[in-house]
Amino acid sequence: QLEEKLRNDTYGGKTPQETLNLFIEALRKNDIELAFLYFNIEDNGERDPKWKEALIKTRDAGKLENTIDLLSRAKADPNERSYEEDFKLTVRENGTVKAYIDMELNRYSGVWKIESL
């Protein structure tokens, strides 16, 4: 059943950057439901609700634009890649990491998903 959910999970891009761009675009449209679909499905067959809750809190606090701006500056961090289906993006300011985005390839559907922000 988990494998079927993963095969049907086509929200994401063919590259980590494409998935991040789609996620940012959903946030720009204030579409939290769509943005949440770019997160990966956990072993229990569901997306972790903490990410949706965090997006809602960010929106309700009026900080969505700041988040979009921060995520828009993310760059690939190839030194952090631990295996082929893993990809990291970071935002650095003056040598300090301000944001860290962990992406993982859904090998069943072929799209990149957000594992954590």
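**Exercise 1. In this predicted model, find which residue takes a positive phi in the hairpin of E3 and E4, and describe how the two strands pair.**

Solution. Begin with the connection itself: the hairpin of E3 and E4 has 4 residues between the strands, and Gly-110 takes a positive phi near 80 degrees there. Next consider the strands on either side, where E3, covering residues 96-106, pairs with E4 in the antiparallel sense over 5 bridges. Two pairs of residues can then be placed across this pairing: Leu-105 stands opposite Trp-112 in E4, while Glu-104 has Lys-113 as its bridge partner in E4.

**Exercise 2. Determine the order of the strands in the open sheet, and explain why one side of E1 and of E4 is left without a neighbour in the sheet.**

Solution. The open sheet consists of 4 strands in the order E1-E2-E3-E4, and the pairing is antiparallel. Strand E1 (75-76) and strand E4 (111-116) stand at the edges with a single partner strand each, so one side of each has no neighbour in the sheet. To set the sheet within the whole chain, note that the secondary structure comes to 5 helices and 4 strands, and that the elements run α-α-α-α-α-β-β-β-β from the N terminus on.

**Exercise 3. Decide whether Thr-19 is buried or exposed, and list what Thr-19 is in contact with once its neighbours within four places in sequence are left aside.**

Solution. First locate the residue: Thr-19 lies in helix H2, which spans residues 16-28. Its relative accessible area is 0%, and because buried means under 20%, Thr-19 counts as buried. With the neighbours within four places in sequence left aside, Thr-19 is in contact with Gly-12, Gly-13, Tyr-38, Met-103, Trp-112, Lys-113 and Ile-114. Trp-112 and Lys-113 have already appeared in the pairing of Exercise 1, Trp-112 opposite Leu-105 and Lys-113 as the bridge partner of Glu-104. As a separate check on distance, Thr-19 and Glu-46 are 27 residues apart in sequence and 19 Å apart in space, C-alpha to C-alpha.

**Exercise 4. For Asn-30 and Asn-94, state where each residue is found and what its phi is, then classify its exposure.**

Solution. The background needed is that most residues other than glycine have a negative phi. Asn-30, in the loop between H2 and helix H3 (32-36), has a positive phi near 60 degrees although it is a residue other than glycine. Asn-94, in the loop between strand E2 (86-93) and E3, likewise has a positive phi, near 50 degrees. For the last step, exposed means over 50% relative accessible area, and partly exposed lies between 20% and that value. Asn-30, at 42%, is therefore partly exposed, whereas Asn-94, at 83%, is exposed.

**Exercise 5. Compare the radius of gyration of the chain with that of a compact globule of 117 residues, and add the figures for burial, contacts, surface and charge.**

Solution. A compact globule of 117 residues would have a radius of gyration near 13 Å, and the chain, with 14 Å, agrees. Its C-alpha atoms fill a box of roughly 45 × 35 × 20 Å along the principal axes. Buried residues make up 37% of the 117 residues. Among contacts with a separation of 6 or more, 49% come from residues 24 or more positions apart. The chain exposes about 7,000 Å², of which carbon and sulfur atoms supply 44%. Finally, there are 19 positive and 24 negative charges, whose mean positions are 3 Å apart.

Conventions:
Residues numbered from 1 in each chain as written. Predicted model: local features only at pLDDT ≥ 70, side-chain atom pairs only at ≥ 80, totals over all residues. Heavy atoms only, no water. Rg over C-alpha atoms; globule rule 2.2 N^0.38 Å. Buried < 20%, exposed > 50% of the residue type's maximum accessible area, 1.4 Å probe, protein only. Contact = heavy atoms within 4.5 Å. Areas by Shrake-Rupley, 256 points an atom, 1.4 Å probe, with all protein chains shown as cover. Lys, Arg positive; Asp, Glu negative; His and termini not counted. Charge placed at Lys NZ, Arg CZ, Asp CG, Glu CD. Pairing = 2+ DSSP bridges.
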